[in-house]
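I am opening my notebook on a structure that is new to me, and I will write down what I look up in the order in which I look it up.

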Amino acid sequence: MNGAPDDAEVRARLAAFLDGLQQLGWTDGRNVRIDTRWASDVGANRGAEELVALGPDVILASASLSVAALQRITRSVPIVFANVVDPVGAGFVASLARPGGNTTGFSAFEYSLSGKWLELLKEIAPSVARVAVLRDPALAAGIGQFAAIQALAPASLGGELTPIDVRDPGELERAIGAFARQGNGGLIVTGSQSQLTLRNLIISLATRYRLPNVHAYRYYPVAGGLASYGPDPIDAHRRAAGYVDRILKGEKPADLPVQAPTRYTLVINLKTAKTLGLTVPPSLLARADEVIE
């Protein structure tokens, strides 16, 4: 599992997976043994090493860092991933329809979706002329998401696009502060484990510097961010239980196509919009799947 065991969002993902397994007849301690490693406790690489050493029948990998760590160690133990951005572009599978190898699962979105965040930001805050994009430079997905936003920027933004690499809290605070001091700024937060871990700090900084902000996942506006557009990571983990079940019953990851999210949701936090001095267009509110007041 990416993240920390005391993080409510990450625990909800694991709970959804375990519930999905139980619905399919698998109960930990009765007819299956489940061992868990948390990236916050042992790191992705060590966690992957420890799990592979146990000789498992299948491993659930939550998000890209976990998949990358596991694939460096094993090409034989079946891996089912959940919430991975563009698994083909990241090199985890050969194709969506025919994954090949020992890995398959449930993707979060392709890079092309990233451009929607810029469109959403401009729709909520038309005066924004400069946009900072928070990304994880250690992930191919971080680079790919920025490239997709960059490709759309000339038409949608007509201004400055600045990547901010997320490595540690101090660096993040300095970078956002320096960006915000130049005025007319907005913030896009791409999807990655580092952004998940630092989400409360990111939201706090966006509020402090009055930066309109758009995110990949719902848990940001729930925690005080402005808006999000993307899939539900909890649902991806629940669906992953189905592939684990099929592998335990003898099917191969290479024969199970990678599945995309079944739904993308638009969430807007009206309280945060008011705090930032923004008026959300009625047409956008009408399209929203959820409005937080």
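I began with Ser62, which I found in strand E1, and I kept in mind throughout that this is a predicted model. Its relative accessible area is 1%, and because buried means under 20%, I entered Ser62 as buried. When I set aside residues up to four places away in sequence, I listed Met1, Asn2, Ala82 and His237 as the residues that Ser62 touches. One of these, His237, also meets Ser62 through a polar contact of 2.8 Å between the two side chains.

That contact led me to His237 itself, which sits in helix H11. Is His237 buried or exposed? Its relative accessibility is 0%, so I counted His237 as buried. A polar atom of the His237 side chain also lies 2.7 Å from the backbone oxygen of Pro233. Beyond its neighbours within four places in sequence, I noted that His237 is in contact with Met1, Arg13, Phe17, Leu60, Ser62, Ala82 and Asn83.

Next I turned to the pockets, and I started with the largest, whose volume is about 630 Å³. Which residues lie nearest the centre of this pocket? I found Asp35, Leu51, Val58, Ile59 and Leu60 there, out of a lining of 33 residues. The elements that give two or more residues to this lining are helix H1 (8-23), helix H2 (39-42), helix H3 (44-53), strand E1 (59-62), helix H4 (64-73) and H11, so I met again both the strand that holds Ser62 and the helix that holds His237. By kind, I sorted the lining of the largest pocket into 22 nonpolar, seven polar and four charged residues.

The second largest pocket holds about 240 Å³ of space. I counted 13 residues in its lining, and those nearest its centre are Arg218, Tyr219, Val222, Asp232 and Glu290. Helix H10 (219-222), H11 and strand E9 (265-269) each supply at least two residues of this lining. Here my sorting gave six nonpolar, one polar and six charged residues.

I then looked at how the nonpolar residues are gathered, with a general point in mind: in soluble globular proteins, nonpolar side chains tend to be buried together. The largest nonpolar core in this model has 72 residues, and I noted Leu134 and Leu172 as those with the most contacts inside it. Helix H11, which spans residues 233-248, gives the most to this core, with six residues. For Leu172 I wrote down contacts with Leu134, Ile164, Val166, Leu198, Leu201, Ile202 and Leu205, again not counting residues up to four places away in sequence. There is also a second, separate core of 16 residues, which includes Ile59, Leu70, Phe81 and Phe92, and Ile59 was already in my notes as one of the residues nearest the centre of the largest pocket.

My last entry concerns Arg130, which lies in strand E4 (residues 130-135). With a relative accessible area of 9%, Arg130 is buried. What does the side chain of Arg130 have close to one of its polar atoms? I found the backbone oxygen of Gly183, at 2.8 Å. I also looked up the separation between Arg130 and Asp41, which are 89 residues apart along the chain, and their C-alpha atoms are separated by 37 Å.

Methods:
Residues are numbered from 1 along each chain as its sequence is written. This is a predicted model: local features need pLDDT of at least 70, side-chain atom pairs count only at pLDDT 80 or more; totals for chains, interfaces and linings use all residues. Side-chain values use heavy atoms; hydrogens and water are left out. A nonpolar core is a set of buried Ala, Val, Leu, Ile, Met, Phe, Trp, Tyr and Cys residues joined through side-chain atoms within 4.5 Å. Buried means under 20% relative accessible area, exposed over 50%, partly exposed in between (1.4 Å probe, protein chains only). Helices (H or I, at least four residues) and strands (E, at least two) are DSSP runs, numbered from the N terminus. Contact means heavy atoms within 4.5 Å. On a 1 Å grid over the protein atoms alone, a cavity is a set of points where a 1.4 Å probe fits but cannot get out, and a pocket is an open set with protein on both sides within 12 Å along at least five of seven lines; lining residues have an atom within 4 Å of a point. Grid points are joined across faces, edges and corners, and a volume is the space filled by probe spheres set on the points. Ala, Val, Leu, Ile, Met, Phe, Trp, Tyr, Cys and Pro count as nonpolar, Asp, Glu, Lys and Arg as charged, and the others, Gly among them, as polar. A polar contact is a pair of N or O atoms within 3.5 Å; within protein, one must be able to donate a hydrogen and the other to accept it, and residues adjacent in sequence count only if both atoms are side-chain atoms.
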